[in-house]
Amino acid sequence: MSVSGLVITLSEEPSARDRALESLEAYPGIERGQLSDRWLPVVVERPDDESGEAVFREISLLPGVEYVDVVFVHFENADTKQGALGNGQTKGMHGSPQVTAASNR
Amino acid sequence: MNRRDFIKFSAMAAATAMARRKSGAAEAGPGEASNGEGNSPEWHKAPCRFCGTGCHVRVGVQDGRVVAIQGDEKADVNNGLLCVKGYHVGMILYGKDRLTQPLLREGGELKPVSWDKAIDVIAKRIMEDPDAFGFYGSGQWTIPEGYVAQKLMKAGLSNNHIEPNARLCMASAVTGFVSTYGVDEPAGCYQDLDECDVLIMWGNNPAEMHPVLFSRVIDRRSRGEKVRLIDISTRRTRTTEFCQDYLEFRPQTDLAIANGIAHLLIQNGTFDREFVDRYCHFRQDTEPDSLFGKPMSFEEYRQAVAKYTPEYVEELSGVPAEKIRMLGELFGRRDLRITSLWCMGMNQHSRGTAINRLVHGIHLLSGHFGRPGDAPTSLTGQPSACGTAREVGTLAHALPGGRLVAKEDHRRQCEKLWNVPEGRISSKPGYHTVKLWEKFCTPTNQGGDIRTLFVQVTNPGQSLPNLHKHFRGKKGLEDKFLVVSEVYPSASTELADLVLPASLWVEKNGIFGNSERRTQQWYKMVEPPGDARDDCWMTIAIARRLYELGHSGMKDRDGQFIFAMKNDEGEEVPIWQWPHYYDINVDKRLYEEYRPFTWMKHKNVAPYDELVKARGLRWPVVETDDGGWRETRFRFSGFDDPFVEEGKRIQFYHSVTKDDRALIWFNPYEPAAEEPDKEFRYWLCTGRVLEHWHTGTMTMRVPPLRRSMPHAYIEMHPDDAAEEGFSNGEVIQLMTRRGQIEAPVWIEGRGRVPRGSLFVPFFDEHRLVNLVTLGAVCPISKEPDYKKCAAKVGKVGSSTPAMAKGPEVRP
Ligand code: SF4
């Protein structure tokens, strides 16, 4: 189980903000807190530590979301699965890195 | 409330408090998860293990494991925020390939040995030839770790061959500060970011490298404050997206831009004449270059910068003349507060000292200094580059507290404080980092007089420039012996003869010093895995073994040395024996021994017990009349610095000229050590990415971070890629005169290089860009330039490695 506490900064523009709030409703495993001006606290719960990060990335990219801050992470079962050595990265890798907005920008 | 609900409640409480704080709500409410309730974790404080921002985290520990991380609301640095690396920091402890036992290479293979054997092997190597021993650490050494290593080398072995990897990242900032103010480290603090009207980032990408600091500025905007952001850079980054102005310059010509601003301030009559008359002198370089140069008059300075007209600067740099005028006008305004930020872009520069001096110079010339928000500020990449490398002085030429081995009075002071006989400290500076490794990788009979190197808390096999020459050259040199203390297998352990498993972060006690002079303490929270042990203990155990072997340097005047410690009852504790190491707080004893060294340069660090209570304290920390302790936010400013004499607005009390004045330097623009030519037609720049910290040894073990940024890439302009016939993601060859690597090309990626430029991050040990970097160093700081060299690209298999003799590289 992983649990993250996030603060989502929503757009200043009311219609974009509403759209973002609607989209957030659609996410399973996200609990919304009380909106404070345009800052929304949410809690994301996932069975593992891996998918929490994917949700975080997706939220960051939603229209009407300006950025996402992470303030709390619980990763109790998060045994990291492998080392950096011999982790299966091959030289023939194609496609650019899937870069995320996983920052607090 | 069950456990799961309690964790979710804690997460929501933290998020709600932060949302309210961001919205400016008067009462944010408690956001901290509380201790020990409902089978919840125990929470402790620690600084983040990664960058020099020095965010504080709350670490949740349960059943002997770190299970949760929360940004620490009580910390001024980050007010509860963390970046993507910070909130994963707990996971770095649990990669499955943690090193857990000492390994000695026998018959080409690393085989388990006991700690006794490992320590004995090192001690005997040192005994064999003490002068041929080198100690290489980093800005990730805790203060006690660095201090004890420093003392072993300089006060014990009379050997100055000790260096931190910080030579590779902030040595030019040090020489910039020292040659300008006579003393190292920024005068301002992070409050400058909260109060500036204009923030200029010089070759700096804080949105990715110091994200929490950058979000402080972006949050101001979200609250409706006006702050103008200017990005002066050689490539577009995430930072650029937030800036009103982006000035793209040809690599190396930042020198010309800074001189162009100085010229305009004088030509327009908008420099701060009063500030300059009262607080500054002018300086220029000597031939050859020196740290303190020689005096010049204002008139000579005016003439020297006069040729840097906006048009001439445009010709050199490619930045339009009107943008140079815009900078000149901004600096000429007294009603604005201007902060300059920089990090590796200015430091890893073959004229790193010069560009550091010039940026300080335009702040001094324009009087943008000494008020909150008016500051030239360098950032550090490592958590204790300031605290350990710079303040403890773990450099080949330095002694603790801003002292120098070349100065007799400084040596005498240290010998007295260390209670060792006069003359114990050698007056000859040791080898700087690049030299140290060059000597280690050169056969002994060809002048390679470093034979044994002990590496702690860093990964030189990946981070040194021109690795063929400075690291891999060790291969096959039978009489060379490399000891690497590490937490995971790395590019450095690959060549090691002895690998020592180390404790990491909250598996040990520690003290760091961040970029704003803030000293931060934490306690050990969990046990290290297997037989891993603290780096500080390793150094003490080696000293003890040397003592047993009869090394005369392992005794002070009273016959004691770093291994001799007593408990509160006055009984000796054998701390060199691991089971007894934590019988007493060794960190506290070493730190308290170190504190008096900090007084000479007025860098007074706080007592250990005060650090325990605080989320770090910024030195100088002085005792107040009521017995409390007060930190300092703005050095040299009369309104805040306790060492400025009564009634003085500004006092540079360690000035080079001994008259309380800082130096405004002139340094000319000079071409880079290696520039593109017909054959190698691209500039190659290297650097970091948001998700990975430096060489990725830790962050590549964290699955979310590794997945977010799995491998290095070659960032390329789309037109160049089209001309070369590359498609996005295609694996290509990148070649310089030092060698070649292969990596996928990335077009229109996160960063955007201009035509004729390439960028490659250095975190990926499978695509080691430092195999091809140059290694030319700044003549004063000896810091290598990782940001500029000449490269070419080709299809895989299209070309043989280009090792042709290139143009002469200046030192
Ligand atoms: S900004 Fe630096 S210190 Fe802060 S959380 Fe991120 S990596 Fe850690």
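This is a short chat about the cysteines and the largest pocket of a predicted model.

User: Hi! How many disulfides does the structure hold over all chains?

Analyst: Hello! The count is 0 over all chains of this predicted model.

User: OK, take B:Cys196. Which cysteine sulfur is nearest, and how many Å away?

Analyst: That would be the sulfur of B:Cys243, 12 Å away. A disulfide needs the two sulfur atoms within 2.5 Å, so B:Cys196 is in none.

User: And is B:Cys196 buried or exposed?

Analyst: Buried: the relative accessible area of B:Cys196 is 0%.

User: What about B:Cys789, where is its nearest cysteine sulfur?

Analyst: On B:Cys685, 9.5 Å away, and B:Cys789 is in no disulfide either. B:Cys789 is buried too, with 2% relative accessible area.

User: Thanks! Switching to pockets: how much space lies in the largest pocket?

Analyst: About 940 Å³. The lining has 41 residues, and the ones closest to the centre are B:Val178, B:Leu291, B:Phe292, B:His397 and B:Leu404.

User: Which elements give two or more residues to that lining?

Analyst: In chain B, they are the helices α4 (171-181) and α16 (385-393), plus the strands β15 (398-399) and β16 (403-404). The largest share comes from α4(B), with 4 residues.

User: Nice. How many of the lining residues are nonpolar, polar and charged?

Analyst: The lining of the largest pocket has 19 nonpolar residues, along with 12 polar and 10 charged ones.

Methods: Residues numbered from 1 in each chain as written. Chains lettered and ligands numbered in written order. Predicted model: local features only at pLDDT ≥ 70, side-chain atom pairs only at ≥ 80, totals over all residues. Heavy atoms only, no water. Buried < 20%, exposed > 50% of the residue type's maximum accessible area, 1.4 Å probe, protein only. 1 Å grid on protein atoms, 1.4 Å probe; cavity = no way out; pocket = protein on both sides within 12 Å on 5 of 7 lines; lining within 4 Å. Points joined across faces, edges and corners; volume = space filled by probe spheres on them. Nonpolar A, V, L, I, M, F, W, Y, C, P; charged D, E, K, R; others polar.
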